[in-house]
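Biologist: I have a few "how do you know" questions for you today. Could you bring the model up so we can go through it together?

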Amino acid sequence: MGDFNAKIGERNEGYEEVMGKLEWGKLMRIERSLVGLSFSGAIGLTFLLLGCALEQYGVYWPLFVLLFYVLSPIPTFIGRRLSEDTDSASNACRELAYFFTTGIVVSAFGLPIILARVEMIQWGACGLVMAGNSVIFLTILGFFVVFGGGDDFSWEQW
C-alpha cells in the first residue's frame, strides 16, 4: 500500500511542476465550474428541445431562441474589449453593451410568449422554452462570473 501511495505522490508532484504558478485548489475550482456550466447548459437545452419535440407540441418554431443564445454575450464581449479599464462607476461603452444584452435577453423571453399568443405553439411548449431560457441565460451569466475576473482563466485571453 505504501508503494502505491508513493507512486500517486510522484505523479501529483509532476503535475504540479507542469502547472507552474497555478494552485491545485484553484484548478479544481475551475474544473468544477466548467462541469457545472456544461451540466446546466445541457439541462437548459433539454428543456428547449422538450418544448419542441414532445408529441403533443411537435412544432419547432421555438428553436429560433437559439439565435438569441448566440447573440446575447456578444455585446458584453465587445463592450469589455473596447472600454477603458478605469475605476469610474459608469462607462458609456459598457452601459450600451448591457443595454443591448438586456434587449436580446428580453426578446428571447418574449418570442415564445408571442408564438403562444398567436397559437403557433401551445402554452405548455412556451413554459418549457421559458424554463430553458432561464437556465441557459443563468449559465451564460455564470460563465461571465467565473471567467470574467481578469485572472489566468479569463475569457478575455481567448
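Modeller: Happy to. Bear in mind that this is a predicted model. Its largest nonpolar core has 11 residues: Leu48, Val65, Phe68, Tyr69, Ile104, Ala108, Val129, Ile136, Phe137, Ile140 and Phe144.

Biologist: What makes that set a nonpolar core?

Modeller: A core of this kind needs buried residues of nonpolar types, joined through side-chain atoms within 4.5 Å. Buried means under 20% relative accessible area. Leu48, Phe68 and Ile104 are among the members of the largest core, so they count as buried and are joined to the set in that way.

Biologist: Which helices each supply at least two residues of this core?

Modeller: Those are H3 (65-71), H5 (92-117) and H6 (123-147). H6 gives the largest share, five residues.

Biologist: And what is Val129 in contact with, leaving aside neighbours within four places in sequence?

Modeller: Val129 touches Leu48, Pro62, Val65 and Pro112. We call these contacts because heavy atoms lie within 4.5 Å. Apart from this core there is another one, of seven residues, including Tyr57, Leu115, Ala116 and Cys126.

Biologist: Now Gly148, in the segment after H6. Why is Gly148 called partly exposed?

Modeller: Its relative accessible area is 24%. Buried would require under 20%, and exposed over 50%. The 24% of Gly148 falls in between, so Gly148 is partly exposed. As for its surroundings, the C-alpha atoms of Gly148 and Arg80 are separated by 9.7 Å, while the two residues are 68 apart along the chain.

Biologist: Where does UniProt list "transmembrane region"?

Modeller: The unreviewed entry gives residues 34-52, 59-78, 98-116 and 128-148. Such annotations may be inferred rather than shown by experiment.

Biologist: How much helix and strand do you find in residues 34-52 and in residues 98-116?

Modeller: Residues 34-52 are 100% helix and 0% strand, with end C-alpha atoms 27 Å apart. Residues 98-116 are also 100% helix and 0% strand, and there the end C-alpha atoms are 28 Å apart.

Biologist: How many helices and strands does the protein chain have as a whole?

Modeller: The protein chain has six helices and zero strands. Of its 158 residues, 30% are buried. The exposed area is about 10,400 Å², with 65% of it supplied by carbon and sulfur atoms.

Biologist: And what share of the contacts joins residues at least 24 apart?

Modeller: That share is 62%, counted among contacts between residues at least 6 apart in sequence.

Terms used: Residues are numbered from 1 along each chain as its sequence is written. This is a predicted model: local features need pLDDT of at least 70, side-chain atom pairs count only at pLDDT 80 or more; totals for chains, interfaces and linings use all residues. Side-chain values use heavy atoms; hydrogens and water are left out. Helices (H or I, at least four residues) and strands (E, at least two) are DSSP runs, numbered from the N terminus. Buried means under 20% relative accessible area, exposed over 50%, partly exposed in between (1.4 Å probe, protein chains only). Accessible areas come from the Shrake-Rupley method with a 1.4 Å probe; for residues, only the protein chains shown count as cover.
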